[in-house]
Amino acid sequence: MFESIRKHSKIVMIALFLLIIPSFVLVGIDRNYFTSKSPVVARVDGHDITQDDWDNAHRTETDRIRAQSPSVDPKLLDSPRARYATLERLVRDRVLQTAATKMHLIASDAQLARTLQGIPAIASLKRPDGSLDTEAYRALVGSQGLTPEGFEANVRRELSINQVMGGVMGSAFAGQEQARLALDALYQRREIQVARFTASDFASKVTPTDADLETYYKSHEAQFRQSEQANVEYVVLDLDAVRSSITLSDDDLKTYYKENLERIAGKEERRASHILINASKDAPAAEREKAKARATELLAQVRKAPGTFAEVARKSSQDTGSASSGGDLGFFARGAMVKPFEDAAFSMKKGDISDVVESDFGYHIIQLNDIKTPKQPSFEEVRAKLEAEAKQQQAQRKFAELAEVFSNTVYEQADSLQPVADKLKLKIQTANGIARVPRPDAQGPLANARFLEALFSSDSVQNKRNTEAIEAGPSTLVAGRVVTHTPAQTPAFEQVKPRVRELFVADRSAELARQEGEAKLNAWKAAPASASGLSTAVTVSRDKPQNQPRPVVDAALQANADTLPAFAGVSLGQQGYAVIKINRIVPRDPADAAVAQQQRQQYAELTAAAEAMAYYELLKDRYKVQFKVARPTENTATEN
């Protein structure tokens with residue numbers, strides 16, 4: 001039968017085609033048949049931002065931050081708040097891109113050129129004649145994973161987006177009198193006295209019954225609910241683990257020393273001056289011959305009188321960048337000049353004048369002014385540094401190979417982490433009481449949301465199988481498994497009775513403190529002279545709180561002070577209550593001219609930022625921005 005099918009394969013294919021296509025025509029094709037649909041997390045002007053878009057943007061942002069600051073705490077980057085901040089930036093970029101497109105704000109070629117020339121890394125790629133080293137430019141943007149065209153498109157897009165907000169911020173205006181009134185209010189100082197009603201002082205007055213505690217427990221069950229937890233074990237493969245397994249002999253290190261001596265010591269540098277007669281490589285032969293003849297004539301002139309080289313360069317060199325300084329090009333190392341020029345300069349002795357040197361730019365006459373030779377360190381002086389470098393390089397090369405072994409082993413032998421630990425000489429680490437959300441004090445893989453998600457997958461929890469290898473950071477893989485799992489639960493009242501009592505007493509003590517404070521506040525407002533138990537007077541301001549809690553300072557400065565003394569009260573939460581007596585308003589010290597100018601400038605910048613934010617909110621409304629996921633709360637960020 002199969003032989004028959006092979007002989008008539010074309011007929012079979014046509015038959016299958018006729019059977020399958022009508023089913024697609026009649027039933028239709030679900031686009032998810034070919035691609036999985038990512039959930040929509042936000043929408044701008046009717047265009048979706050998906051979970052995949054969000055994940056990719058956050059991964060890019062995280063990689064960028066880690067590259068710039070390798071010591072940054074990973075838990076800060078993977079927290080719900082950090083992820084949501086990425087989504088907000090993604091939405092903001094989409095809003096501004098939409099606005100730029102609809103307002104026809106396009107960056108011109110001249111704007112693009114000026115911006116590129118203002119980037120130091122690109123400006124440094126200019127050749128002595130002012131032209132750009134295109135190969136070095138391509139390599140520079142290539143290191144960011146971009147082509148020159150792609151990089152320039154990104155810059156052009158950023159320029160267009162900046163025009164959206166630039167008009168608003170550039171036109172923001174803060175008058176001098178307006179700034180003075182605002183700054184006077186901001187830096188105003190007030191002399192105050194404070195009476196504190198501390199919650200702990202009222203704890204002895206709280207004597208709850210079991211019925212009180214049980215009622216409190218039932219109305220606050222969420223506070224006592226224990227989140228889902230697991231005891232886990234895990235292994236980490238990172239560059240540190242790979243590096244620690246590498247041993248280098250003295251011969252290896254000495255070979256590495258010889259190969260890298262020039263880099264370690266630094267390159268030899270030479271200082272030269274030149275006279276250039278321009279003649280581009282595509283110029284007619286007659287024009288190049290004429291330029292060469294002129295260069296030969298100047299060569300004879302400076303060889304007769306070498307001391308006149310700088311003067312001849314000023315008068316005759318056609319390199320506008322160096323002619324005014326007598327042709328001086330400063331110190332340069334190999335790789336900084338075009339090859340014919342470099343070869344000639346590095347073959348000369350100090351004081352020599354070269355023959356006419358031909359390059360793509362024309363004809364050069366070179367005078368070598370100085371040679372700077374770096375001191376070469378001995379092997380022993382740099383041994384420790386060399387060993388660290390060589391191990392790091394080998395670890396980076398070896399990591400990719402071991403990463404494949406790591407991934408395959410934790411998958412193929414999924415019932416235990418011991419095989420991969422034995423094979424790669426890794427340590428099995430353990431952690432107890434792990435939750436789905438990283439703890440505030442979590443570090444390493446346990447601060448990585450993706451790893452925790454894999455640990456709490458159904459296969460890992462129910463079957464106790466290894467997770468797949470998870471990329472927890474640059475050159476870092478982790479795999480783990482659940483040893484024991486405890487579902488989320490609310491413990492019985494008797495189990496948490498001491499904790500219930502503690503919270504009940506704290507709440508009731510704070511309430512009693514508040515009641516006592518409010519009673520004193522009302523009494524002192526009616527009879528200011530009766531106020532007692534107040535602290536020594538201090539002068540506070542927003543920038544000098546004098547060790548007073550922020551709620552006390554804010555309440556003191558916000559209180560109506562038309563009639564003095566004035567009184568204000570403020571809750572300090574679980575700490576209790578405070579009554580504040582405002583004795584007098586103290587004029588702020590006059591700032592010197594420089595400080596006053598800086599303060600006005602800061603006020604103007606804040607005014608511009610406020611106007612820009614208001615305009616952005618208007619754009620969000622205009623383009624019907626929708627967030628499909630909730631902003632994380634404080635509890636979300638710190639829940640265990």
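In this predicted model, Glu-61 forms a salt bridge with Arg-89, and the closest N and O atoms of the two are 3.9 Å apart. The pair links distant parts of the chain, since Glu-61 belongs to helix H3 (residues 51-68) and Arg-89 to helix H5, 28 residues apart. The two partners differ in their surroundings: Glu-61 counts as buried at 19% relative accessibility, just as the cut-off for that class, under 20%, requires, whereas Arg-89 counts as partly exposed at 39%.

The structure holds 30 salt bridges, and the table lists three of them.

| Acidic residue | Basic residue | N to O distance |
|---|---|---|
| Glu-61 | Arg-89 | 3.9 Å |
| Glu-269 | Lys-372 | 3.7 Å |
| Glu-358 | Arg-288 | 2.7 Å |

Glu-269 and Lys-372 meet through their side chains, and this pair also links distant parts of the chain, with Glu-269 in strand S5 (residues 269-278) and Lys-372 in strand S8 (residues 362-372), 103 residues apart. Glu-269 is partly exposed, with a relative accessible area of 26%, and Lys-372 is likewise partly exposed, with 42%.

The side chains of Glu-358 and Arg-288 form a further salt bridge; because Glu-358 lies in strand S7 (residues 357-359) and Arg-288 in helix H15 (residues 285-304), this pair ties together parts that are 70 residues apart in sequence. Glu-358 is partly exposed at a relative accessible area of 44%, while Arg-288 counts as buried at 10% relative accessibility. Elsewhere, salt bridges that share partners join Asp-415, Asp-459 and Arg-465 into one network.

Turning to the nonpolar interior, the largest nonpolar core has 28 residues, of which Leu-237, Val-242, Leu-386, Phe-399 and Phe-406 touch the most other members. Two or more residues of this core come from each of several elements, including strand S4 (229-238), helix H13 (239-244), helix H14 (250-265) and strand S11 (476-486). Helix H18 (379-412) is another of these elements, and H18 gives the largest share, 10 residues. Leaving aside residues up to four places away in sequence, Phe-399 touches Leu-237, Asp-238, Leu-239, Val-242, Ser-475, Thr-476 and Leu-477. A second, separate core of 23 residues includes Trp-54, Tyr-84, Val-168 and Leu-619.

Strand S3 (residues 189-198) has 7 of its 10 residues buried, so this strand is largely enclosed by the rest of the structure. S3 pairs in the antiparallel sense with strand S14 (residues 576-586) over 10 bridges, and within that pairing the bridge partner of Gln-193 in S14 is Lys-581. S3 also pairs in the antiparallel sense with strand S12 (residues 538-540), over 3 bridges, where Ile-192 stands opposite Val-538.

Some backbone features of the loops remain to be described. Most residues other than glycine have a negative phi, and most peptide bonds are trans. His-104, although not a glycine, has a positive phi of about 60 degrees; His-104 is found in the loop between helix H5 (80-102) and helix H6 (109-117) and is exposed, with a relative accessible area of 66%. Lys-464, also not a glycine, has a positive phi of about 55 degrees and is found in the loop between helix H21 (458-463) and strand S10 (470-473), where Lys-464 is partly exposed, with a relative accessible area of 26%. The peptide bond from Leu-564 to Pro-565 is cis, with omega near 0 degrees, and Pro-565 lies in the loop between helix H23 (550-558) and strand S13 (566-571).

Key
Residues are numbered from 1 along each chain as its sequence is written. This is a predicted model: local features need pLDDT of at least 70, side-chain atom pairs count only at pLDDT 80 or more; totals for chains, interfaces and linings use all residues. Side-chain values use heavy atoms; hydrogens and water are left out. A nonpolar core is a set of buried Ala, Val, Leu, Ile, Met, Phe, Trp, Tyr and Cys residues joined through side-chain atoms within 4.5 Å. Buried means under 20% relative accessible area, exposed over 50%, partly exposed in between (1.4 Å probe, protein chains only). Helices (H or I, at least four residues) and strands (E, at least two) are DSSP runs, numbered from the N terminus. Contact means heavy atoms within 4.5 Å. Two strands pair if DSSP finds at least two bridges between them. A salt bridge is a side-chain nitrogen of Lys or Arg within 4 Å of a carboxyl oxygen of Asp or Glu.
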